[in-house]
Amino acid sequence: GEDAVTTAYLMDTARAASLDGVRMFMTDIGWKDGRFWDLEACEIRTLYRLYPWEWMVHEPFGKHLLENHGLTVWIEPIWKMIWSNKAILPILWDLYPRHPNLLWASAEKPASDRYVEKPILSREGGNVRIVRNGQVIAAKDGPYGDSPKIFQGLYDLPDYDGAMPVIGSWIVDGAPAGMGVREDGLITGNLSRFVPHVIDG
């Protein structure tokens, strides 16, 4: 339901910019003659989706994604798979240890008794565990229990009467373009309070 409403809203914004759009399901995407097509036999030249790339590559058409490279514009592009996979965090820590914008991270074991355990492909706080002084202080269930995990240093967020803000920021072509503030308890989820901001440069 949430994805359907978000998609409808984005279609409205596209229409306001004089762009026509067609809403479709992943199962409606077909492949023929080196191109992706919809059920009306129209070539898909640009596609925005909320569906995660790590799921999309396993769809029947997924094996053609690289073969189609450059013909269909995907918003967001396939290289975003790298950044949505938390397995990148231990690699970044190995490349840039003690960088001020990073927390220590390991794919093998915690480096201390204060850490967060995260499945590499989890979303919205699913299957996250927070450990402080060797004790689990927060945990959230979810569908990612069988996923490989990483361990990351625990950073204590400021606490405003149980509301702990987390900032998500967006960069477009090297310039700040937007920011979202989510507030929740120790684990941020899909029902957290959210306030978006636009950065007008």
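Let me start with what helix 4 packs against. In this predicted model, the buried residues of helix 4 pack against helix 3, strand 5 and strand 9. Helix 4 covers residues 88–95, and its buried residues are Ile88, Pro90 and Trp93. Helix 3 is residues 80–84, and strand 9 is residues 149–153.

Two of those packing partners take us to the sheet. Strands 5 and 9 both belong to an open sheet of five strands, in the order 5-9-6-7-8, with antiparallel pairing. Which strands stand at the edges? Strand 5, residues 105–106, and strand 8, residues 135–139. Each of the two has a single partner strand, so one side of each is left without a neighbour in the sheet.

Further along the order, strand 6 and strand 7 run antiparallel and are joined by three bridges. Strand 6 is residues 115–119 and strand 7 is residues 129–132. If you want a place to look, find tyrosine 115, which stands opposite valine 131 in strand 7.

Now the loops of this part. Glutamate 124 sits in the loop between strand 6 and strand 7. Its phi is positive, near 55 degrees, and it is not a glycine. The relative accessible area of glutamate 124 is 44%, which means partly exposed, neither under 20% nor over 50%. The loop between strand 7 and strand 8 holds asparagine 133. Asparagine 133, also not a glycine, has a positive phi of about 55 degrees. Is asparagine 133 buried or exposed? With a relative accessible area of 54%, asparagine 133 is exposed, because the cut-off for that word is over 50%.

Back to the region before helix 4. Tryptophan 53 is in helix 2, residues 53–56. At 4% relative accessibility tryptophan 53 counts as buried, because buried means under 20%. What is tryptophan 53 in contact with, leaving aside its neighbours within four places in sequence? The list is Leu65, Trp74, Glu76, Pro77, Ile78 and Met81.

One of those contacts, Glu76, has a backbone feature to point out. Glutamate 76 is joined to isoleucine 75 by a cis peptide bond, with omega about 5 degrees. Glutamate 76 lies in the loop between strand 4, residues 73–75, and helix 3.

For a distance across the model, take tryptophan 53 and tyrosine 9. They are 44 residues apart along the chain, and their C-alpha atoms are separated by 21 Å.

That leaves the start of the chain. Helix 1 is residues 2–16, which is 15 residues. At 1.5 Å a residue, helix 1 should span 21 Å, and its end C-alpha atoms are 21 Å apart, so the two values agree. After helix 1 comes serine 18, which has a positive phi near 65 degrees.

Last, the totals. The protein has four helices and 12 strands. Of its 201 residues, 29% count as buried. The C-alpha atoms fill a box of roughly 60 × 35 × 35 Å along the principal axes. The accessible surface comes to about 13800 Å², and 56% of that belongs to carbon and sulfur atoms. Among contacts with a separation of 6 or more, residues 24 or more positions apart account for 43%. On charge, there are 20 positive and 27 negative side chains, and the centres of the two sets lie 4 Å apart.

Technical notes. Residues are numbered from 1 along each chain as its sequence is written. This is a predicted model: local features need pLDDT of at least 70, side-chain atom pairs count only at pLDDT 80 or more; totals for chains, interfaces and linings use all residues. Side-chain values use heavy atoms; hydrogens and water are left out. The expected span of a helix is 1.5 Å times one less than its number of residues. Two strands pair if DSSP finds at least two bridges between them. Buried means under 20% relative accessible area, exposed over 50%, partly exposed in between (1.4 Å probe, protein chains only). Contact means heavy atoms within 4.5 Å. Accessible areas come from the Shrake-Rupley method with a 1.4 Å probe; for residues, only the protein chains shown count as cover. Lys and Arg count as positive and Asp and Glu as negative; His and the chain ends are not counted. The place of a charge is taken as NZ of Lys, CZ of Arg, CG of Asp or CD of Glu.
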